[in-house]
Amino acid sequence: MKKICNINDSWIFTFSKDDSKTVVNLPHTWNYDDGQDGDGKYYRCEKGACSYEKQLDDLDLADGDQVYLEFKGVNASAKVFVNANLAGEHDGGYSTFRVNITPFLQKENIITVEVENTKNDKVYPQFADFTFYGGIYRDVNLIQVGPNHFDLDYFGCNPIKIEPTIGDKDTDGKLKVTTWVTGEGDVSIAILDAEGNTVCTLANGEETTIANVHRWDGTKDPYMYKAVATLTVNGEAVDEVSAKFGFRSFSIDRNTGFYLNGRSYPLHGVSRHQDRPGMARTGSTTFYGGNAITKAEHDEDMEMIKEIGANTIRLAHYQHADYFYDLCDEAGMVVWAEVPYISKHMNTGDDNIKHQLKELIIQQFNHPSIMFWGISNEITMKKTDNKHMLQVHHEMNDLAHELDPSRMTTLACFAMCMWRNKVARITDVVSWNLYLGWYVPGKWLNRGWMAMYRFLDHKHCIGMSEYGAEGMINLHKEKVKRMDNTEKYQAKYHEYMLEFFAKHPFFWSTHVWNMFDFAADGRNQGGDPGMNHKGLVTFDRKIKKDAFYLYQSYWTDPAETKVLHLCGKRYENREKGKTEITVYTNQGPVDIYNNGKLVATPKAKYKSGKVFICKIEIDKSKDNEIVAKSKSDASLTDSMIIHPVDKYDESYSTKSLGNSASWEK
């Protein structure tokens with residue numbers, strides 16, 4: 001049977017920038033620090049590839065055994081050497097790839113992986129608003145199989161393809177399971193329910209019907225089955241593969257949005273980047289960070305996304321970790337998965353981006369959470385050969401449908417693309433990255449912009465793939481304005497957008513940009529360079545900004561999650577006089593107290609009844625303890641302290657962010 005051994009530990013890393021050598025454990029990146037400092041000059045192998053080296057002892061192989069190295073993510077180009085022999089190479093920083101190293105093995109073996117994230121004109125992405133961390137930043141596994149085994153050479157995928165289909169009103173589901181085999185043998189496939197009971201068995205490539213199917217039904221009931229394929233030779237099992245899957249139907253109406261299993265299911269959620277600040281490993285002096293993260297960080301991200309009440313995630317702008325797609329399945333998230341065909345079309349990158357699309361779809365095909373394949377993002381941002389770019393888009397769209405006719409294609413259009421651009425007419429559905437009210441004055445323009453698109457295009461369903469505003473936890477003012485980077489303006493912007501979406505149910509999806517702050521080394525905003533601060537949560541995941549609780553108030557079930565959040569806790573020093581108090585809640589009206597005295601019972605700002613705002617007088621002589629209490633549940637409260645000052649000094653809010661945990665109140 002197949003043997004899989006993780007070999008993350010003890011690689012000798014040679015940093016080509018200074019030829020230094022360090023023993024590191026994977027995941028690892030050399031850009032966890034300089035890729036986040038904001039000077040735009042993080043190291044991209046200007047002096048040649050960096051390398052990782054590891055010794056493999058005798059593997060004790062039987063006749064005909066095959067040995068593969070499996071890389072779950074290496075950014076961006078890799079060459080794999082075994083005992084100085086080139087065994088394989090790969091271009092593309094976000095997908096799994098495998099290399100058969102059997103022909104080069106000896107009794108003792110040296111594995112060398114040369115890695116570079118060098119600027120070039122053939123491997124996507126090359127231009128985008130995020131850091132391209134170099135390194136082996138996901139797991140590496142050693143796989144040993146016999147001469148007859150499930151294929152390990154087919155685009156790095158789990159070699160089992162599961163095709164479940166079911167109509168909106170059907171009780172029975174149809175199922176086809178196909179595997180790929182190297183060598184010979186007989187394949188039998190067992191279908192198990194979530195409790196591990198065998199539902200049915202079938203042969204390789206056979207179609208069958210399962211009666212009374214239990215559907216995968218979003219966040220409320222993400223039920224999954226499991227297919228287990230066994231390869232036998234002369235009655236002996238020699239290999240096994242498995243994957244979970246789910247039965248679900250979905251559709252989109254141009255006027256009423258997304259439908260899951262035949263019922264209206266409005267998609268509201270977030271976009272996600274995976275990176276983190278540099279972090280020390282437990283019990284070690286070595287560091288990781290950037291895109292080099294572990295299951296613990298993926299788990300933490302998913303828990304926060306569930307906590308905010310999202311039911312969809314746009315996994316931008318590249319293929320994410322296999323493990324995170326598993327988490328999406330288990331949480332019932334509807335997923336938009338995409339490739340890094342972003343911001344700038346390259347006339348010499350066609351083969352690479354098509355290969356990356358094949359890897360994405362073939363590797364992630366079985367996930368019930370994925371319902372949309374994204375083929376590009378803001379590709380019109382840079383002036384390019386439009387004719388060639390459009391041709392590639394059509395080819396990408398056709399390729400996605402050829403590989404997977406069961407899902408829809410989409411793309412994210414740059415705001416300045418405008419309504420009549422041909423890029424917005426290619427995929428099944430389309431979404432727009434609009435920052436009207438942030439980069440462009442006038443939040444109200446969102447209404448006019450979307451109305452014009454729907455007037456000019458009577459075919460396509462429309463979504464909002466990005467919208468947001470910078471919100472920094474150390475910047476505060478009483479009177480805020482667009483582009484001031486304050487936490488308060490970010491929250492005000494999102495208040496407007498949530499009400500806008502509530503009045504316009506035609507969106508097939510809306511995705512906040514972004515769930516978490518992330519590194520963009522070319523940025524320098526608000527005194528904290530190297531960051532995009534549009535996240536609802538800080539880069540280190542320590543602080544949920546005020547806007548987080550706004551969304552939680554709108555998106556969660558008030559019977560299951562009681563939300564009451566008093567905004568502005570980090571705005572501690574305020575000028576004497578009147579100050580604005582804002583409360584986000586899903587529990588109805590609130591009372592506001594100052595130092596124990598009832599001072600206001602504000603009315604809801606919007607019909608939704610989630611936002612309550614009032615002005616109160618600051619006590620000039622002492623600290624003010626502000627308490628918000630729910631009128632429906634006296635035990636539901638939140639509080640903060642305001643220090644009165646004669647004159648507000650912006651130096652109060654420009655101290656370094658540092659570790660945001662120090663700002664938690």
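**Entry 1: the largest cavity**

I looked up which element contributes most to the lining of the largest cavity, and I found helix α6 in that place, with five residues. The model I am working from is a predicted one. I then searched the whole structure for cavities of 30 Å³ or more and recorded four. For the largest cavity I noted a volume of about 190 Å³. I listed 17 residues in its lining, and those closest to the centre are K488, D546, C567, G568 and T582. Two elements, α6 (487-503) and β41 (578-585), each give two or more residues to this lining. I also sorted the lining by residue character and obtained eight charged, six nonpolar and three polar residues.

**Entry 2: aromatic pairs**

I turned next to the aromatic rings. I describe a pair of rings by the distance of the centres and the angle of the planes. The count for the structure came to 35 aromatic pairs. I examined W432 and Y453, whose ring centres are 5.5 Å apart and whose planes stand at 70°. I entered this pair as edge-to-face because its angle is over 60 degrees. I then asked where in the fold the two residues lie. W432 belongs to strand β34 (residues 429-433) and Y453 to helix α5 (residues 445-456), so the pair ties together parts that are 21 residues apart in sequence. I checked the accessibility of W432 and Y453 and noted both as buried.

I took F501 and F507 as a further pair, with 5.2 Å centre to centre and 85° between the planes, and entered it as edge-to-face. Are these two residues buried or exposed? F501 has a relative accessibility of 12%, and I therefore recorded it as buried, the limit being under 20%. F507 has a relative accessible area of 6%, so I recorded F507 as buried also. I found F501 and F507 again in one aromatic cluster, which is formed by Y467, Y496, F500, F501, F506 and F507.

**Entry 3: charges over rings**

I finally looked for charged side chains placed over aromatic rings, and I noted two cases involving arginine. The charged end of R407 sits over the ring of F365, at 5.4 Å from the ring centre. R541 lies over the face of F516, and I recorded 4.0 Å from R541 to the centre of that ring.

Note on methods. Residues are numbered from 1 along each chain as its sequence is written. This is a predicted model: local features need pLDDT of at least 70, side-chain atom pairs count only at pLDDT 80 or more; totals for chains, interfaces and linings use all residues. Side-chain values use heavy atoms; hydrogens and water are left out. Rings of Phe, Tyr and Trp (its six-membered ring) pair if their centres lie within 6.5 Å; planes under 30 degrees apart count as stacked, over 60 as edge-to-face and the rest as tilted. Helices (H or I, at least four residues) and strands (E, at least two) are DSSP runs, numbered from the N terminus. Buried means under 20% relative accessible area, exposed over 50%, partly exposed in between (1.4 Å probe, protein chains only). A charge sits over a ring if NZ of Lys or CZ of Arg is within 6 Å of the ring centre and within 35 degrees of the ring normal. On a 1 Å grid over the protein atoms alone, a cavity is a set of points where a 1.4 Å probe fits but cannot get out, and a pocket is an open set with protein on both sides within 12 Å along at least five of seven lines; lining residues have an atom within 4 Å of a point. Grid points are joined across faces, edges and corners, and a volume is the space filled by probe spheres set on the points. Ala, Val, Leu, Ile, Met, Phe, Trp, Tyr, Cys and Pro count as nonpolar, Asp, Glu, Lys and Arg as charged, and the others, Gly among them, as polar.
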